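Trainee: Could we go through this one together? I'd like to know the reasoning behind each label.
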Amino acid sequence: METIYSVTGMTCQHCVNAVTEELQGLDGVSDVRVDLPTGSVTVTSVRPLDPAAVRAAVDEAGYAVAA
């Protein structure tokens with residue numbers, strides 16, 4: 001299953017790495033792809049993810065999921 005999130009505040013590869021690392025730590029996530037210019041983050045998982053867990057992971061990386 002693929003879910004696309006819009007993440008604000010990312011400006012460089014370090015940002016991409018931080019968000020990717022945090023999201024890959026969520027149970028069931030098999031892939032994370034970030035499109036830096038658009039802030040789009042595509043998360044592939046084996047089952048639907050808890051939106052609160054995704055927001056918490058992105059927040060831990062220092063960024064925010066757009067509403």
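Mentor: Sure, this is a predicted model, and we'll take the labels one by one.

Trainee: Why is V58 called buried?
Mentor: V58 sits in helix α2, and its relative accessible area is 2%. Buried means under 20%, so V58 qualifies.

Trainee: And what is V58 in contact with, beyond its neighbours within four places in sequence?
Mentor: V7, L23, Y63, A64 and V65. Have a look at V19 too: V58 and V19 are 39 residues apart in sequence, but their C-alpha atoms are 5.8 Å apart in space.

Trainee: Which residues of α2 are buried?
Mentor: In α2, residues 51-61, they are V54, A57, V58 and A61.

Trainee: How do you know that those buried residues are on the same side of α2?
Mentor: They cover an arc of only 95° around the axis, so they belong on the same side of α2. The general background is that an α-helix has 3.6 residues a turn, so residues three or four places apart point the same way. On the other side of α2 you'll find D59 and E60, which are exposed.

Trainee: What covers the buried residues of α2?
Mentor: The cover includes β1 (2-8), α1 (13-24) and β4 (64-65).

Trainee: What makes D50 a cap for α2?
Mentor: D50 has a side-chain oxygen 3.1 Å from the backbone nitrogen of A52. The cut-off for a polar contact is 3.5 Å, and this pair falls within it, at the N-terminal end of α2. Just after α2, G62 takes a positive phi of about 100°.

Trainee: Now the sheet. Why are β2 and β4 called edge strands?
Mentor: The sheet is open, with four strands in the order β2-β3-β1-β4 and antiparallel pairing. β2 (29-35) and β4 each pair on one side only.

Trainee: How do you know that β1 and β4 pair?
Mentor: Pairing takes at least two bridges, and two bridges join β1 to β4, so the antiparallel pair counts. In one of them, T8 has A64 in β4 as its bridge partner.

Trainee: Where does α1 lie?
Mentor: α1 lies across β2 and β3, running at about 160° to β2.

Trainee: Last one: is T42 buried or exposed?
Mentor: T42 is in strand β3, residues 40-45. At 11% relative accessibility, against a cut-off of under 20%, T42 counts as buried. Leaving aside neighbours within four places in sequence, T42 is in contact with E2, T3, I4, D31, V32 and R33.

Note on methods
Residues are numbered from 1 along each chain as its sequence is written. This is a predicted model: local features need pLDDT of at least 70, side-chain atom pairs count only at pLDDT 80 or more; totals for chains, interfaces and linings use all residues. Side-chain values use heavy atoms; hydrogens and water are left out. Buried means under 20% relative accessible area, exposed over 50%, partly exposed in between (1.4 Å probe, protein chains only). Contact means heavy atoms within 4.5 Å. The arc is that of the directions from the helix axis to the C-beta atoms. A polar contact is a pair of N or O atoms within 3.5 Å; within protein, one must be able to donate a hydrogen and the other to accept it, and residues adjacent in sequence count only if both atoms are side-chain atoms. Axes are lines fitted to C-alpha atoms, for helices over the stretch in contact, and angles run from 0 to 180 degrees between N-to-C directions.
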